[in-house]
Amino acid sequence: MIWQLLKRDLSMLLPGGRQGGTMLPVLFFLAVAMLYPFAVGPDAPLLARTGGGVIWVAALLAAILPLDRLIAPDLDLGVFDQLALRGISEDMVVAVRIIAHWLSFGPLLLVATLPAAALLGLEGDTVKLVLLGLLAGTPGLAAIGVMIAALTAGLRGGAALSGLMLIPLAVPILIFGAGSLARGEMSGIALCGAISLLLLAAGPFAGGAAIRAAREG
Amino acid sequence: MQACSLSATDIACRRGDRVLFRGVSLHTTNGDALHIKGANGIGKSSLMRILAGLLAPFSGDVIRTGSVGLVDERPALDTQLPLGKALSFWTGLDSASTKTAHADRLGIAELLDVPVRYLSTGQKKRAAMARLLNQNADIWLLDEPLNGLDTGGVQLVETLIAEYCATGGIAIIASHQPITLPAPATLDLRGFAA
C-alpha cells in the first residue's frame, strides 16, 4: 500500500513527472548560482567566500517553487477522502509525500551543486561542506514544504503565502547548514541533520492534521 | 456479503456558524436503499460526508459496520493520466482484479486511453462508478450520482444500485432528482432544517 502511494507520488513529482514544471526548482537554483557572479563582479576571493551561502539561499528558495503542487491538487480531487475511506490515514499519505518530494528535488539539487560550485569558484573543502550540509538539510526542507503545502492547500493565494511561511521555518536549517561553512567544521551540519530529523518526525502528523482541518472547513 | 449496517441518531450539522439541519436519524441494514432528498444547500452533501465519517457531526452519533464507498462530485482520478491508469491506482489499493468488466458495463471501455481531463462530466461520473464497483464496499454513499449522466447512464446507475442491494449492500443516495430504487425509502431533509 505504501509502495502504491509512493509510486503514484513519484510519477507525479519526479523530474519529467506528469505534473509538469518538475525541473523548475533545479533550473531556478542554477540560475541563481549563475546570476550571482554577474551581480557582484569577477572578484574570485569574494565569490569563493560567499558562494557557499549563496548556494544555500538558492536551495532554500528553489524548495519553495513546487509547494502549491504538493497537496492542493489531491485535496481538490478528493483523493484524501477516498484514501481515508479505505482506512489510509492522512499522516501516512503525508509521510509518503515527504519522501517523494525529497526524492524529486534533493538528489537533483546535490548534483546541481557541483556546476553551481564551479560557477562560483568554490574550493574543494567548501564544496564538501555544502554537499554534506544540503544532504542533512534538504530532508528537513522537504518536511517543512509538505507541511506548509498542507496548511495552505485550502486557501486562496496559498502559493504566495506558503513561500512566505517557509522562510522563517527554514531559518534554523539555514543558520546551521550555512553556518558550518564559516567555521569550516561539521558540528553545524550535525545540528542541521538533527533539525531535519525533528521536522521529519513532526511533519507527517502536522500535515495530516492540516488536511483534516481543511476537510472541516 | 457480511452483515453491515449504517445508523445515525439525532444528527445535527453545522457549517460555519450556521446549523443546517438537526434531529436527523436513520437506520439502514443489508439490502436497504435510501433516497435523501432536499433543496440545494440544505445539507445533503454534508450529511453524506457525516455518514461517511469524513465530517464530524455537530451533535449525534453515526454507527457504521462495514466498509464505505463514496461517489461525490470529485472523481478522485488523476487528471493528467489516461483513465485506465487513473483507475488502476484505486484498483491496486482495493486489490480488485475485474476492472475491465466494469469498464465495459459502464460504457467507458473505449475511454481507458483518454486522459481524465478530456472526459465529460458524465464520463467522469461513469468512471467514478467503476471505481466504486471495484472497491467492493459494503455501503455505498452516492452524492448526486445522476448529475451529468444521460438517460442511459441514469438507468444504468439505477440498475447497478438494484443489483447491489439485491446482493445485500446498503445504498444511500443523496439526489434532488427523482431516482428509481428498489424498496424505496426516502428521507426529506426539508423537515429537519434548522
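## Angles, contacts and classes in a two-chain model

Tutor: Let us begin with a pair of helices in this predicted model: α6(A) and α9(A) are oblique to each other.

Student: Why are α6(A) and α9(A) called oblique to each other?

Tutor: The axes of α6(A), residues 90-120, and α9(A) cross at roughly 125° and come within 8 Å. Roughly perpendicular covers 65 to 115 degrees, and roughly antiparallel needs an angle over 145. An angle of roughly 125° falls between those two classes, so the pair counts as oblique. The crossing of α6(A) and α9(A) is right-handed.

Student: Which residues of α6(A) meet α9(A)?

Tutor: On α6(A) they are A:E90, A:D91, A:V94, A:A95 and A:I98. Their partners in α9(A) include A:L200, A:G203, A:P204, A:F205, A:R212 and A:R215. By class, this contact has eight nonpolar, three polar and four charged residues.

Student: What makes α7(A) and α9(A) roughly parallel to each other?

Tutor: Helix α7 of chain A spans residues 124-152 and helix α9 of chain A spans residues 187-216; they pack at an angle of about 15°, and their axes are 8 Å apart. The cut-off for roughly parallel is an angle under 35 degrees, and therefore α7(A) and α9(A) belong to that class. Their crossing is left-handed. Among the residues making the contact are A:L129, A:G133, A:A136 and A:P139 of α7(A), together with A:I189, A:C192, A:G193 and A:S196 of α9(A).

Student: How many charged residues does the contact of α7(A) with α9(A) have?

Tutor: There are no charged residues in that contact, which has 16 nonpolar and seven polar ones.

Student: And in chain B, why are α4(B) and α5(B) described as roughly parallel?

Tutor: Helix α4 of chain B covers residues 121-135 and helix α5 of chain B covers residues 151-166; their axes cross at roughly 15° and come within 12 Å. Again the angle is under 35 degrees, so the two are roughly parallel to each other. The crossing of α4(B) and α5(B) is left-handed. Here B:R126, B:M129 and B:L133 in α4(B) meet B:G152, B:G153, B:L156, B:V157 and B:L160 in α5(B). Sorted by class, these residues are five nonpolar, two polar and one charged.

Student: How do you know that chain B is in contact with chain A?

Tutor: Contact means heavy atoms within 4.5 Å, and 24 residues of chain B are in contact with 21 residues of chain A. The two chains bury about 2,000 Å² between them, with 56% of it on carbon and sulfur atoms. B:L54, B:R74 and B:F89 supply 27% of the area chain B buries against chain A, more than any other three residues.

Student: Where does UniProt place the feature "transmembrane region"?

Tutor: The unreviewed UniProt entry puts it on several stretches of chain A, including residues 46-67 and 99-122. Residues 46-67 are 77% helix and 0% strand, with end C-alpha atoms 33 Å apart. For residues 99-122 the span is 92% helix and 0% strand, and the end C-alpha atoms lie 30 Å apart.

Note on methods:
Residues are numbered from 1 along each chain as its sequence is written. Chains are lettered from A and ligands numbered from 1 in the order in which they are written. This is a predicted model: local features need pLDDT of at least 70, side-chain atom pairs count only at pLDDT 80 or more; totals for chains, interfaces and linings use all residues. Side-chain values use heavy atoms; hydrogens and water are left out. UniProt positions are given in the numbering used here, feature names are shortened, and annotations may be inferred rather than shown by experiment. Helices (H or I, at least four residues) and strands (E, at least two) are DSSP runs, numbered from the N terminus. Axes are lines fitted to C-alpha atoms, for helices over the stretch in contact, and angles run from 0 to 180 degrees between N-to-C directions. A crossing is left-handed if the near helix is turned anticlockwise from the far one by less than a right angle, and right-handed if clockwise. Ala, Val, Leu, Ile, Met, Phe, Trp, Tyr, Cys and Pro count as nonpolar, Asp, Glu, Lys and Arg as charged, and the others, Gly among them, as polar. Buried area is the accessible area (1.4 Å probe) that two parts lose on being put together, summed over both.
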